[in-house]
Amino acid sequence: INAGVTAISVTDTVASKDSTTLSVKFKSSTLTNGYYYTNLSINSNDPLKPSVTIPCTLKVSGNPGISLSDNCLNLDSIMEYTTHKDTVTVTNTGCDTLKVTNISNANSVYTVNKTSFNVAPNASQLVIVTFAPTAAGTFLDTLKFTTNAANPVVCLSGKSYAKPLIS
């Protein structure tokens, strides 16, 4: 597996019995936890060793990270006994699996379609938030995410007005 090594071409003259230093850069920003292997080839005009291969190993170890698409959701003004849906995108910005173990809130007029899931590194998961008021009023709440990275929150607000009365 290519370990994120950028191929470079360097030309240098090295005197007999001398040496030079080459810099090699590994890019791990898009890699997940694990070991990555590649070979570095050095070609020269040495008749005894015209090419030398140097094995390279990169060990990536890190943590999951979490980013939410929104800090707050305003779920509009709707009539009681109707629903409105919106989404929060949960993105794993780290290099290990993000484990969302719970999403909770206090007010029953707000529900989510899932309360636990895993997100691979550099991937995202949508969470659908439904606002379903059964009375007129203003409803404020907070979604609390419990994860193995951080525990962010999303504020929720919605208003509902009374249904029409037919007499």
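What follows walks through the sheets, the nonpolar cores and the cysteines of this predicted model.

Two open sheets are described here, beginning with one built from five strands. Its strands line up in the order E4-E11-E10-E6-E8, and the pairing is mixed. At the edges sit strand E4 (72-79) and strand E8 (117-119), each of which pairs on one side only. Going from neighbour to neighbour in this sheet, the strands are turned by 25 degrees against each other on average, with direction ignored. Strand E8 is held to strand E6 (residues 98-104) by three bridges, and the two run antiparallel. Within that pairing, Leu98 stands opposite Val119 in E8.

The other open sheet has four strands, ordered E3-E5-E9-E7, and here the pairing is antiparallel. Strand E3 (66-68) and strand E7 (110-112) are the edge strands, again pairing on one side only. The twist from one strand to the next averages 25 degrees. Three bridges tie E7 to strand E9 (residues 124-131), the two running antiparallel, and Tyr110 faces Phe131 in E9 across this pair.

On to the packing. In soluble globular proteins, nonpolar side chains tend to be buried together. In this model the largest nonpolar core takes in 23 residues, and Val90, Val129 and Phe145 are the ones touching the most other members. Leaving aside neighbours within four places in sequence, Phe145 is in contact with residues including Leu68, Val88, Val90, Val100 and Ile103. The contacts of Phe145 also include Asn102 and Asn151, along with Ala150, Pro152 and Val154. A separate core of five residues has Leu31, Leu58, Val60 and Cys95 among its members.

That leaves the cysteines. The count comes to one disulfide, and it joins Cys72 to Cys155 with an S to S distance of 1.7 Å. The link is right-handed, with 125 degrees about the S-S bond. It connects distant parts of the chain, since Cys72 lies in strand E4 and Cys155 in strand E11 (residues 153-161), 83 residues apart. Both ends are partly exposed: Cys72 has a relative accessible area of 43%, and Cys155 has one of 30%.

Cys56, by contrast, is in no disulfide. Why does the sulfur of Cys95 not bond with that of Cys56? The two sulfurs are 20 Å apart, and Cys56 holds the closest cysteine sulfur to Cys95, so the gap is too far for a bond. Cys56 is buried, at 13% relative accessible area, and Cys95 also counts as buried, at 16% relative accessibility.

Key
Residues numbered from 1 in each chain as written. Predicted model: local features only at pLDDT ≥ 70, side-chain atom pairs only at ≥ 80, totals over all residues. Heavy atoms only, no water. Pairing = 2+ DSSP bridges. Axes fitted to C-alpha atoms, helices over the stretch in contact; angles between N-to-C directions. Core = buried A, V, L, I, M, F, W, Y, C linked by side-chain atoms within 4.5 Å. Buried < 20%, exposed > 50% of the residue type's maximum accessible area, 1.4 Å probe, protein only. Contact = heavy atoms within 4.5 Å. Disulfide = S-S within 2.5 Å.
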